[in-house]
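You asked for a note that could be read beside the structure by someone who has not seen it before. The points below are meant to be taken in order, with the structure open.

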Amino acid sequence: MAEVGTGSLYQRFVGPLLSRDDGADAEQLSQLTLQALGQASLRRNWPLVSGSLAGLGAELQRKDLRLEQTLFGCRFRNPVGLAAGFDKNAVAAGIWHLFGFGFAEVGTITWHAQPGNPRPRLFRLAEERAALNRMGFNNQGAQAARRTLERQALPPAGQRPAVLGINLGKSKITPLELAPDDYASSLELLAPLADYAVINVSSPNTPGLRELQDEVQLRRLVERLRRLPACPPLLVKIAPDLEDDAIDAIARLAYEEGLAGVIAVNTSLNRLGLEQRRIPQTGKTLAEEAGGLSGAPLRQRALEVMRRLRVTAGPALPLIGVGGIDSAEAAWERITAGASLVQLYTGWIYGGPALVPEILEGLSAQLDQHGFRNIQEAVGSGVPWR
């Protein structure tokens with residue numbers, strides 16, 4: 001079981017580092033973790049490495065055919081995925097399935113390499129199991145991402161143990177009017193390696209980016225990308241801070257333009273009642289700090305957006321829920337509100353490797369409790385956690 005082994009080691013050694021706002025730098029911890037995972041992904045077929053990784057998979061993976069789905073042409077072995085923002089440069093794309101994930105979304109990747117915003121730019125809010133980030137799409141660029149993915153020698157799209165999504169953003173130096181060409185350059189280069197692609201127009205940390213959520217701008221962007229040869233299934237990721245009419249407009253646009261789905265939500269500029277919460281590293285309150293809030297405080301707003309999208313979009317459009325999912329109950333809540341898939345980020349960092357198998361076991365148990373034959377029957381059902 002995941003309560004012993006990797007999960008308990010994580011809580012014993014990493015847990016204390018995550019239990020305080022100050023101390024070990026959050027970004028540095030992430031980078032050290034990714035360096036190790038990147039090396040493991042490159043060498044995953046070496047005998048010693050493959051043996052260790054097989055043990056990891058045996059501990060953390062859960063198989064239940066009732067949790068499988070095929071959405072927008074992709075077969076998901078389970079509905080729990082890694083959200084964009086963790087593996088920005090796709091260095092560990094070959095091994096995310098071993099942590100139990102049914103899919104992983106790498107990026108955000110921009111056409112131009114960029115350093116992101118000045119440090120410090122990632123802060124823990126340990127008591128609230130939340131984080132504030134103003135990373136600013138720091139990544140090595142689309143051409144480097146392609147080389148990184150090719151070096152890992154992944155199976156072809158559609159034949160991987162976990163579905164691979166690629167999350168794309170606008171380069172900071174590219175003016176808004178040229179955004180469609182900027183996104184198109186990245187997508188054209190990376191499309192052959194992606195099971196699906198995401199248009200990220202909702203990060204709060206690139207100036208002007210959220211203007212691309214405007215219906216006219218977004219339609220122009222989508223139409224430009226859909227013209228590309230061999231365009232993979234295309235989804236859009238939206239902000240939690242949109243008004244209801246803007247959410248409705250995006251749901252309609254997704255239907256009219258044939259998008260594969262909508263991901264809700266990105267981080268929030270709303271401080272969600274934490275305005276006076278002070279960050280030790282800067283001495284400022286959240287109300288004074290720039291950046292997007294993620295984690296447990298976002299759960300209720302993300303759920304509201306999901307419910308709104310499901311009503312407006314109808315039952316056919318696949319929706320992916322992200323934001324404040326840190327337990328099996330939170331995942332079930334999002335699925336029964338209308339999400340076919342869910343993604344983890346902040347909750348997974350605090351919860352550690354044990355969280356994914358815990359969620360999968362919880363979802364299977366809920367199917368039993370409610371007499372559902374598969375997870376699709378639970379999507380949008382509105383039934384409560386039992």
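The numbered points go from the sheets to the cores and the rings, and then to a single residue.

1. A word of care comes before anything else: this is a predicted model, and the points that follow should be read as descriptions of that model.

2. The best place to begin is the barrel, in which 8 strands close up in the order β3-β4-β7-β8-β9-β10-β12-β13, with parallel pairing. Neighbouring strands of this sheet are turned against each other by 25 degrees on average, with direction ignored. As general background, the strands of a sheet pair through backbone hydrogen bonds, and the pairing may be either parallel or antiparallel.

3. Within the barrel, strand β12 (residues 319–322) can be followed to a partner on each side. Strand β10 (residues 261–264) pairs with β12 in the parallel sense over 3 bridges, and here V262 stands opposite L319 of β12. The pairing of β12 with β13 is likewise described as parallel, over 3 bridges, with I320 opposite L341 in β13 and V322 opposite Q343 in β13. To get from β12 to β13 the chain passes through helix α10 (residues 328–337), and this β-α-β crossover is right-handed.

4. Strand β13 (residues 341–344) has both faces covered, since L341 and Q343 on one side and V342 and L344 on the other are all buried. Besides its pairing with β12 over 3 bridges, β13 pairs in the parallel sense with strand β3 (residues 80–82), again over 3 bridges, and V80 stands opposite V342 of β13. Strand β12 also has both faces covered, with L319 and G321 buried on one side and I320 and V322 buried on the other.

5. On another part of the barrel, helix α6 (residues 179–190) lies across β4, β7 (163–168), β8 (196–200) and β9, and it runs at about 160 degrees to β7.

6. A reader should also look for the open sheet, which is formed by 3 strands in the order β5-β6-β11, with antiparallel pairing. Because β5 (122–125) and β11 (292–295) stand at the edges and each has a single partner strand, one side of each is left without a neighbour in the sheet. The twist from one strand to the next averages 25 degrees. Between strand β6 (residues 130–133) and β11, which run antiparallel, there are 4 bridges, and the bridge partner of A131 in β11 is S294.

7. Turning to the interior, which residues touch the most other members of the largest nonpolar core? In this core of 89 residues they are W96, Y183 and W348. A second, separate core has 15 residues, and F103, Y196, V198 and V322 are included in it. In soluble globular proteins, nonpolar side chains tend to be buried together. Leaving aside residues up to four places away in sequence, W348 touches Y10, L82, F86, W96, F99, F101, P353, L355 and V356.

8. How many aromatic pairs are there? The count comes to 12. In one of these, the ring centres of F76 and F103 are 5.2 Å apart and the planes stand at 90 degrees, so the pair is edge-to-face. F76 belongs to strand β2 (residues 74–76) and F103 to strand β4 (residues 103–109), so that this pair links distant parts of the chain, 27 residues apart. Both F76 and F103 are buried. The rings of W96 and F101 have centres 6.4 Å apart and planes at 75 degrees, and therefore this pair is edge-to-face; W96 is buried, as is F101. Ring pairs also join F86, W96, F99, F101, Y345 and W348 into a cluster.

9. A last residue to check is L234, found in strand β9 (residues 234–238). Is L234 buried or exposed? Its relative accessibility is 4%, and L234 therefore counts as buried, the cut-off for that term being under 20%. Not counting residues up to four places away in sequence, L234 touches L187, A197, I199, L225, R226, L259, A260 and G261. By contrast with these contacts, the C-alpha atoms of L234 and Q61, which lie 173 residues apart along the chain, are separated by 28 Å.

Conventions:
Residues are numbered from 1 along each chain as its sequence is written. This is a predicted model: local features need pLDDT of at least 70, side-chain atom pairs count only at pLDDT 80 or more; totals for chains, interfaces and linings use all residues. Side-chain values use heavy atoms; hydrogens and water are left out. A nonpolar core is a set of buried Ala, Val, Leu, Ile, Met, Phe, Trp, Tyr and Cys residues joined through side-chain atoms within 4.5 Å. Buried means under 20% relative accessible area, exposed over 50%, partly exposed in between (1.4 Å probe, protein chains only). Contact means heavy atoms within 4.5 Å. Rings of Phe, Tyr and Trp (its six-membered ring) pair if their centres lie within 6.5 Å; planes under 30 degrees apart count as stacked, over 60 as edge-to-face and the rest as tilted. Helices (H or I, at least four residues) and strands (E, at least two) are DSSP runs, numbered from the N terminus. Two strands pair if DSSP finds at least two bridges between them. Axes are lines fitted to C-alpha atoms, for helices over the stretch in contact, and angles run from 0 to 180 degrees between N-to-C directions. A crossover is right-handed if, with the strands pointing away from the viewer, the path from the first strand over the helix to the second runs clockwise.
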